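Colleague: Could you take a close look at one part of this with me? I am new to reading structures, so please explain the terms as you go.

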Amino acid sequence: PGDSMGYTTTLKKASTKGNSLRTTVPSGIVKAFGLKDGDKLEWEIVAKENDLIIIVKPKIIQGNFHEK
């Protein structure tokens, strides 16, 4: 995947305790990267001017996206 993709998702509370939020990974991203349930994602956050840039990458474990 080298093409730009744009998606909108909604944040929801992850649980009644704490401040964590969750969102759904859009099916187009799941398909493009071959993601599976239980895969790990690495998050990089960059503040640039008035933008918050979030880079999410599948975590490669032992040469594969999927944990053994």
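Modeller: Happy to! Let's begin with a definition: helices (H or I, at least four residues) and strands (E, at least two) are DSSP runs, numbered from the N terminus. This is a predicted model, in which local features need pLDDT of at least 70 and side-chain atom pairs count only at pLDDT 80 or more, while totals for chains, interfaces and linings use all residues. Residues are numbered from 1 along each chain as its sequence is written, and side-chain values use heavy atoms, with hydrogens and water left out.

With that in hand, Ile45 can be placed in strand β3. The protein has 1 helix and 4 strands, and their order from the N terminus is β-β-α-β-β.

The part I would pick for the close look is Thr23, which sits in the loop between β2 (21-22) and α1 (27-33). Its relative accessible area is 35%, so Thr23 is partly exposed; buried means under 20%, exposed over 50%, and partly exposed in between (1.4 Å probe, protein chains only). Leaving aside residues up to four places away in sequence, Thr23 touches Thr9, Thr10 and Leu11, where a contact means heavy atoms within 4.5 Å.

Look at Thr9 more carefully. Thr9 and Thr23 are 14 residues apart along the chain, yet their C-alpha atoms are separated by 6.4 Å. Their side chains make a polar contact at 2.7 Å. That term stands for a pair of N or O atoms within 3.5 Å; within protein, one must be able to donate a hydrogen and the other to accept it, and residues adjacent in sequence count only if both atoms are side-chain atoms. With Thr10, the partner is the backbone: its oxygen lies 3.3 Å from a polar atom of the Thr23 side chain.

For a second loop, turn to Glu49, between β3 (41-48) and β4 (51-58). Glu49 counts as exposed because its relative accessibility is 79%. Its phi is positive, about 55°, although Glu49 is not a glycine. Most residues other than glycine have a negative phi.

Finally, the whole protein. Buried residues make up 7% of its 68 residues. Among contacts with a separation of 6 or more, 20% join residues 24 or more positions apart. The accessible surface, computed by the Shrake-Rupley method with a 1.4 Å probe (for residues, only the protein chains shown count as cover), comes to about 6,100 Å², and 51% of it belongs to carbon and sulfur atoms.
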